[in-house]
Amino acid sequence: MPIRIAIVGLGRAAHRIHLPAVAKLAGVEVVGGHDLHPPAQAPSFPLFDSPAELLAQTRPDMLFIVTPPDSHFALTKLGLEAGCHVFCEKPLAERIEDAEALAELARAAGRHVVVNSEFPWMPIHSAAKRRMAEPGFGKLQFITLQQTFIVTPETEEGWRGLDPQRTFKEFGTHVLDLAQYFFDEAPMSIRARMPRPAGPAAPDHLNIVELEFSGERMALILLDRLSPGRHRYLDIRLDGTEAIIETSIGGRLQAAAGLNARTRKPFVDVEVAMGGTARLYREERMERLATAPIDLFPDATARLLTDVLAAIDRGETPPCALEHSTRTLRLLAAAYESAEDGGSPRAFAP
C-alpha cells in the first residue's frame, strides 16, 4: 500500500519544493489538498474546503503543512488528533509553549512531527560532513555562514514582508541547524545583533549571530538582506586544523586563469555547478567534494523524507523530529532576546 499524504498550503513552496519532492519518491501518493486560495490550475489530486474535511475524507498517513508560521500549531494539532504523522515547514511553532504542547500530543497519539530542515541533506553539505571525518581535514574549529540576499517585492509578498522577525525566524532555522550539524552538538551560548536602519519596526534584514561551542569553537552567522550587490544564497566556510571546506548554494558556470602569487605557477580553474558546490582547500591545493543538482531544494527534501519514512517504518524516531525542532526554536528565541538586549550573550542549555 502506498503512503498516503495530504497537504495543506498550495502556494509557492508547495509547488517548488514539496510536491516535486514527493514526485521523486516511490510508494508515496498525494491523496488531497487544501488552500484558502486554491491555485488557478487544479492539481492532479482532489481539493477540499477545509483541513478538517481533508483529513476526514482522505485519512492520510502523513499531513504536510506548508502554510505561514502562525498556523503551524493549530494544523499540527489537527493532524495529530486525526492520527497522522506531520511534516511541517519551519519553524515548528511561534512559541516554545506550543512546541511543548505538540510534544505531549504527539506522545499521546504515538505519532511523529518532523520539520523540513532539509539543508543537511543537500549533497554539498553531507559530502562536507563526510570529508571532515576523513584524514586531512583535522578538527573543526570555526564556521562562517553568510547570506547576501536581494530583497524584492516577490520575496516579501504576503506574510513574509509583514513579519518584523522576517529573516532569522525564516532562514535562521537552516543556519542554526547546519552549525549544529557540522559541530555535532548544540551551542553553549548565542549572541545576536540585528540592526534595523530603516527603523525599529522594520524587518530584521541584517542578522549578525555568534554561537559558542565546546572547546573554544565558534560559528559566525551573517544574514545580509540590506545589500544591493550580488545575490549569494548561502556560503559556508568550515575551518579545520589541517584544511578548510567551502560550500556554496547557487548555480554557476565560471572559469578563471592566472598566476599564483606565492608559487608563481599558472593555474586554470573551470567550475560547473548547477545547484551548488563543495570544495576542500589545503594551502594552494583544491579537492572537489560534490555538486548539487539544480533542483537542490526538492532533492534535499526528498532525501530527508526518505530517511523520515524509513525511520518511522522501523519504529524509530525520525530525523528533524520534535526534540531537534524545539531546540532550534529555543535558539531562535534566544537570538531575538539577545538582539533586543543590545547583543548580550544568552547561555543555552538544550
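Start by selecting helix H2 (residues 51-58) and helix H3 (residues 72-81), whose axes lie 11 Å apart and meet at an angle of about 20 degrees, and which are therefore roughly parallel to each other. Here an angle under 35 degrees counts as roughly parallel, the axes being lines fitted to C-alpha atoms over the stretch in contact, with angles running from 0 to 180 degrees between N-to-C directions. Helices are DSSP runs of H or I with at least four residues and strands are E runs of at least two, numbered from the N terminus.

The model is predicted, so local features need pLDDT of at least 70 and side-chain atom pairs count only at pLDDT 80 or more, while totals for chains, interfaces and linings use all residues. Residues are numbered from 1 along each chain as its sequence is written, and side-chain values use heavy atoms, with hydrogens and water left out.

Staying with the same two helices, show the side chains of Pro51, Ala52 and Leu55 in H2 together with Leu75, Leu78 and Gly79 in H3, which make the contact (heavy atoms within 4.5 Å). By class this contact has five nonpolar residues, one polar and no charged, where Ala, Val, Leu, Ile, Met, Phe, Trp, Tyr, Cys and Pro count as nonpolar, Asp, Glu, Lys and Arg as charged, and the others, Gly among them, as polar.

Next, keep H3 and add helix H4 (residues 96-109), which packs against H3 at an angle of about 10 degrees with the axes 10 Å apart; H3 and H4 are therefore roughly parallel to each other. Phe73, Thr76, Lys77 and Leu80 of H3 meet Asp98, Ala101, Leu102, Leu105, Ala106 and Ala109 of H4, a contact with seven nonpolar, one polar and two charged residues.

Now turn to the aromatic rings, which form nine pairs; rings of Phe, Tyr and Trp (its six-membered ring) pair if their centres lie within 6.5 Å, with planes under 30 degrees apart counted as stacked, over 60 as edge-to-face and the rest as tilted. Select phenylalanine 171 and tyrosine 233, an edge-to-face pair at 5.4 Å centre to centre with 90 degrees between the planes. Phenylalanine 171 lies in helix H7 (residues 166-183) and tyrosine 233 in strand E10 (residues 232-240), so the pair ties together parts 62 residues apart in sequence. Phenylalanine 171 counts as buried at 3% relative accessibility (buried means under 20% relative accessible area, exposed over 50%, partly exposed in between, with a 1.4 Å probe and protein chains only).

Finally, add Phe119, Phe149 and Phe297, which ring pairs link with Phe171 and Tyr233 into a cluster.

Methods. Angles under 35 degrees count as roughly parallel, over 145 as roughly antiparallel, 65 to 115 as roughly perpendicular and the rest as oblique.
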